[in-house]
Amino acid sequence: MPVSSANSSGYSFAADHPPVISPPTQPSPEPASQGAPPYAADQKRLPARGPSGSTSFGQPWDVTLRAFARGDYEEGSGRRDRRASGDAPTNPVRNTLGSLGGPTSHSADADKTLQAQLITKMGDLADSSVSVPARSLISQPFEIYKHVVNQPEVLAWLRGKGFSLDSVTIGNNSVSGFVTRNGVVSHQTYTLQDTSGWWQVSRQVMRALEALDLGHHGVPYVARNSQEVSRNVASHFYGVRPPYTDEQASALVTNLKAGWPALSTEELRERELKLEWSKRGINELDDRKNLADALQRAAEGGLIIRR
């Protein structure tokens, strides 16, 4: 699986956001997807390097695209005058992950600390919470999920639907929880396929779930300042199924006290790859948004690309 660092790869465009620039006439073949999520088919990729020749701005394709995405251009005087007057504010360049997009170190001792917490919680059938130690294997997937689920557009959508945030659980295809309308509390579920708008605001959340919720069991909402994750989410992440009966709970606690089963080399590698794929997907969504904003500005005023 290819891996890219934060916002440094070529640019991808969703089918509903075509670029203003005419596409290359002979795009390079796209490499075969390995382990792509089911919704990845809606993406159309431009090659990292454009065709030879110049764009309508007289610059090479690759220079033009990258300059658009990072806002490295000069605008026509008319557009600059309108912006200076405050009539046309610009959107800031989006970099959702920031430092979370970088590499992380892993500590086996941190994993053991978390697993010891999990063992103490396994005697109960009801889900509960455990704190996430720094440098544990789950820590970066957890931080990324927590970060994207608290993006303003996601919170605005959840609150607009009347959700009580502490009841929300997000899966790879839906969001559910208790909503209050006209004083009446009910359980509500929205999916990626309905007309609620969940699929538009949840794209980065879906990418984050790829790394945290490998078995698609669903993850409860986590507040921005929280360092606690669901016991069941952490247990599944570390390869142990939580109990569903009292007999299972008793047997599981006895077995785990003898030693938490170690993840195999293949399972560790899977989690590393899922994390990189998750970060790449979030970065690419940022790139699309930044490029779309730049292209909109380009359409509203003249551009001179700086070289």
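Is Arg135 buried, partly exposed or exposed, and at what relative accessibility? In this predicted model, the relative accessibility of Arg135 is 43%, so the residue counts as partly exposed. Arg135 sits in the loop between β4 (129-131) and α4. Its backbone is worth a look too, since Arg135 has a positive phi of about 75° although it is not a glycine. A second residue invites the same kind of look. Asn182, in the loop between β6 and β7 (184-191), has a phi near 55°, again a positive value in a residue other than glycine. With a relative accessible area of 84%, Asn182 is exposed.

With these two loops in mind, the view can widen to the chain as a whole. The protein chain holds ten helices and ten strands. Of its 307 residues, 43% are buried. Contacts across the sequence can be described as well: among those between residues at least 6 apart in sequence, 70% join residues at least 24 apart.

The loop that holds Arg135 leads to helix α4, and this helix is a good place to study packing. Two packed helices are described by the angle between their axes and the distance between the axes. For helix α4 (residues 139-149) and helix α7 (residues 203-212), the angle is about 165° and the axes are 9 Å apart. An angle over 145 degrees counts as roughly antiparallel, and α4 is therefore roughly antiparallel to α7. The crossing of α4 past α7 is left-handed. On the α4 side, the residues that meet α7 are Pro141, Phe142, Ile144, Tyr145, Val148 and Val149. Their partners in α7 are Gln204, Val205, Ala208, Leu209, Ala211 and Leu212. Sorted by class, this contact of α4 with α7 has eleven nonpolar residues, one polar residue and no charged residues.

Helix α4 also packs with α10, where the axes come within 11 Å and cross at roughly 25°. Angles under 35 degrees count as roughly parallel, and α4 and α10 are therefore roughly parallel to each other. This crossing, like the one with α7, is left-handed. Gln140, Pro141, Ile144 and Val148 of α4 make the contact with Leu275, Lys279 and Ile282 of α10. By class, the contact of α4 with α10 divides into five nonpolar residues, one polar and one charged.

From the helix pairs, the description moves to the interior. The largest nonpolar core has 49 residues, and those with the most contacts inside it are Tyr145, Leu158, Ile170 and Trp198. Several elements give two or more residues to this core, among them α3 (108-121), α4, α5 (152-160), α7 and α10 (265-300). The largest share, six residues, comes from α7.

Two of these core residues, Tyr145 and Ile170, can be followed in detail. Leaving aside neighbours within four places in sequence, Tyr145 is in contact with nine residues' worth of surroundings that include Ile170, Val205, Ala208, Leu209 and Leu212. Tyr145 also touches Val219, Pro220, Tyr221 and Val222. Ile170 lies in strand β5 (residues 169-170) and is buried, with a relative accessible area of 0%. With the neighbours within four places again left aside, the contacts of Ile170 include Tyr145, Val149, Val175, Trp198 and Val205. Met206, Leu209, Gly218 and Val219 are also in contact with Ile170. The C-alpha atoms of Ile170 and Asp213 are separated by 9.9 Å, and these two residues are 43 residues apart along the chain.

Terms used:
Residues are numbered from 1 along each chain as its sequence is written. This is a predicted model: local features need pLDDT of at least 70, side-chain atom pairs count only at pLDDT 80 or more; totals for chains, interfaces and linings use all residues. Side-chain values use heavy atoms; hydrogens and water are left out. Axes are lines fitted to C-alpha atoms, for helices over the stretch in contact, and angles run from 0 to 180 degrees between N-to-C directions. Helices (H or I, at least four residues) and strands (E, at least two) are DSSP runs, numbered from the N terminus. Angles under 35 degrees count as roughly parallel, over 145 as roughly antiparallel, 65 to 115 as roughly perpendicular and the rest as oblique. A crossing is left-handed if the near helix is turned anticlockwise from the far one by less than a right angle, and right-handed if clockwise. Contact means heavy atoms within 4.5 Å. Ala, Val, Leu, Ile, Met, Phe, Trp, Tyr, Cys and Pro count as nonpolar, Asp, Glu, Lys and Arg as charged, and the others, Gly among them, as polar. A nonpolar core is a set of buried Ala, Val, Leu, Ile, Met, Phe, Trp, Tyr and Cys residues joined through side-chain atoms within 4.5 Å. Buried means under 20% relative accessible area, exposed over 50%, partly exposed in between (1.4 Å probe, protein chains only).
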